[in-house]
Amino acid sequence: MIGRPLLQLDSLEPFVDALPIPRVAAPSGTRPHPKNPSHKIPYYRIGMRQFESKIHREVRPTRMWGYGGTVPGPTMEARNGEPLLVEWVNELPAAHMLPIDHTIHGAEKDKPKVRAVAHLHGGRVPPESDGYPEAWFPPGKSATYCYPNEQDAAGLWYHDHAMGITRLNIYAGLAGWYFIRDSFEEGLGLPKGKYEIPIVLLDRFIDAQGQLFYPIAPEEDTPWVPEVYGDATLVNGKLFPYFEVEPCKYRMRVLNGSNARFYHLTLSNGQEFYQIGTDLGLLPAPVPVKAVFLAPAERADVVVDFAGHAGERVQVMQGVQPVMQFRVAKTPARGTGVLPATLRAVPRIPESDAVTTRLLTLGEKDNMAGNPEAMLLNNAHWSDPVTENPKLGSTEIWSFANFTDDSHPVHLHLVRFQILDRRPFISEEYYRQGKIVYNGEAVPPSPEEMGWKDTVKADVGVVTRIIARFEGYTGRYVWHCHILEHEDNEMMRPYEVIP
Ligand code: C2O
Ligand code: CU
Ligand code: CU
């Protein structure tokens, strides 16, 4: 990787900026429902814009791209069963702020440099509104998507998905929260309003001028690098922010929006807290934890109780690095949120429901120098014909056999799934015999992974099995690794739900 002088993070005074809470998006009126024009539904218009942001009191303004001109973008609040429209408008400049690799599929020189398409990650959305990677549009254009919100309460997120440059567009800042609410969840009495904190983690390199730096490979014509792990963790767009809390329960919705980094987050006082939900909704019951472990695109819903910690300062830690600080007030708390003993049932899908089991390999294609050149799913490229074509309403098991040296967070659009297990196998035997030979027991998911998921860590040397019912819509979707450098460079495949 080619370097550039970076911002000296340890020279910055930590915990001097308050944690920003993204504003909640407001509709700008109503429009007819595309399938039912007599029914008017809320209409939002969200522009993607270049702007400058103060990431820290002592750092000069950083140029970024954000939905609605902020990073993270405005939080969308939706209700189960109430559809809405978003017109996503590309108001970005004509030149890209980060280095494009034109040898990557979909990012050739004949394509506009700046292209964007928004995807609602975790959304059960018809294909024409899903943000297909090739459905990008250039500056000056827009696309209006309809989100049915016919799914349980959960923390979804929206982000860019433009073919071959998703890693750059998200790195520039194009991501935000999208919460779906429902009355079941509201009936639980969990902390809400100012006691519910949305948190987006984005790791970045910041150069000495305070600007985003995206590393490039030494070969000038092929700047793609296999992963980016920035040393600066932006929390809702700030470096080392602090947040003032009362000594009571808080619900925190944590999103790993980073390109490649996995987070293992703890509290500096060693305090236990509760994970109450995963990607697509609540767990059956709160799980006491001392850490949350999030791969890119995964979300954790947690409750932290600061009662008994009045007057303390508690840091959120990623390993030994502080990420942000909570300052617990000495005054009595006014928050009244509770943590019930049971949350929402997650009935296990019986394996016997599955009509098809697919073995899908995760692999890497190296160049002659032994460096990764592309990442492949099932040895296929993006442009190869569709091979995964579940029938609408059917249940399938997908087994991801990881032949690489990294864990890959595998994400499926459209569906929610459950993790069945992870089981070690011998890759040499697969090369020799063409079939999976296991050399260990199947390990069930941890209690905090027992909820509805849309992204799963497919770990090294194991077969990770998931089970999903392909409900909702027929049509073309994608599944991919959510390490954005991988996804851009062939670790993404179309799939088709057929009638
Ligand atoms: Cu987070 Cu294909 O998406
Ligand atoms: Cu998605
Ligand atoms: Cu990957």
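Tutor: A cavity is a set of grid points where a 1.4 Å probe fits but cannot get out, and its lining residues have an atom within 4 Å of a point. The model here is predicted.

Student: Which residues lie nearest the centre of the largest cavity?

Tutor: Start with the whole lining of the largest cavity, which counts 15 residues. Strands E11 (196-206), E16 (249-256), E17 (263-267), E21 (299-305) and E23 (321-328) each give two or more of them. Nearest the centre are Met 252, Val 254, Leu 265, Leu 267 and Val 316.

Student: How many residues of that lining are nonpolar, polar and charged?

Tutor: The space enclosed is about 170 Å³. For the classes, Met, Val and Leu count as nonpolar. The lining of the largest cavity divides into 14 nonpolar, 1 polar and no charged residues.

Student: How many cavities of 30 Å³ or more does the structure hold?

Tutor: The cut-off of 30 Å³ sets the count. The largest cavity, with about 170 Å³, passes it. The second largest passes too, with about 40 Å³. The total is 3.

Student: Which strand gives the most to the lining of the second largest cavity?

Tutor: Its lining is Gly 155, Trp 177, Arg 253, Val 254, Thr 278, Asp 279, Arg 299, Ala 300 and Asp 301. By class that is 3 nonpolar, 2 polar and 4 charged residues. Two strands, E16 and E21, each supply at least two residues. The top contributor, with 3 residues, is E21.

Student: Now the open side. Which strand gives the most to the lining of the largest pocket?

Tutor: The largest pocket has a volume of about 410 Å³. Its lining has 20 residues, with Thr 222, Trp 224, Asn 367, Pro 372 and Glu 373 closest to the centre. By class, the lining has 9 nonpolar, 6 polar and 5 charged residues. With 3 residues, the strand that gives the most is E25 (residues 372-377).

Student: Turn to the metals. Which residues coordinate the copper ion (ligand 3)?

Tutor: Read the spacing of the donor residues: H-x72-C-x4-H. The His and Cys 73 residues apart sit in strand E27 (residues 408-412) and strand E31 (residues 475-481), linking distant parts of the chain. Both members of that pair are buried. At 1.9 to 2.1 Å, the donors are His 408 (ND1), Cys 481 (SG) and His 486 (ND1).

Student: Which protein donors does the copper ion (ligand 2) have?

Tutor: One donor residue is in strand E7 (residues 118-121) and the other in E27, 292 residues apart. Both are buried, that is, under 20% relative accessible area. Lying 1.9 Å from the ion, they are His 119 (NE2) and His 411 (NE2).

Student: Strand E7 also belongs to a sheet. Which strands stand at the edges of that sheet?

Tutor: The sheet is open and has 4 strands, in the order E5-E10-E9-E7, with mixed pairing. Edge strands each have a single partner strand, so one side of each is left without a neighbour in the sheet. The edges are E5 (76-79) and E7.

Student: By how many degrees are neighbouring strands of this sheet turned against each other on average?

Tutor: Direction is ignored in this angle. The average turn is 25 degrees.

Student: What is the bridge partner of Arg 79 in E10?

Tutor: E10 covers residues 175-181, and 4 bridges join E5 to this strand. The two strands run parallel. The partner of Arg 79 is Arg 181.

Definitions and conventions: Residues are numbered from 1 along each chain as its sequence is written. Chains are lettered from A and ligands numbered from 1 in the order in which they are written. This is a predicted model: local features need pLDDT of at least 70, side-chain atom pairs count only at pLDDT 80 or more; totals for chains, interfaces and linings use all residues. Side-chain values use heavy atoms; hydrogens and water are left out. Donors are N, O and S atoms within 2.8 Å of the metal (3.2 Å for Na, K and Ca); water is not among the atoms, so sites may look incomplete. Buried means under 20% relative accessible area, exposed over 50%, partly exposed in between (1.4 Å probe, protein chains only). On a 1 Å grid over the protein atoms alone, a cavity is a set of points where a 1.4 Å probe fits but cannot get out, and a pocket is an open set with protein on both sides within 12 Å along at least five of seven lines; lining residues have an atom within 4 Å of a point. Grid points are joined across faces, edges and corners, and a volume is the space filled by probe spheres set on the points. Two strands pair if DSSP finds at least two bridges between them. Axes are lines fitted to C-alpha atoms, for helices over the stretch in contact, and angles run from 0 to 180 degrees between N-to-C directions.
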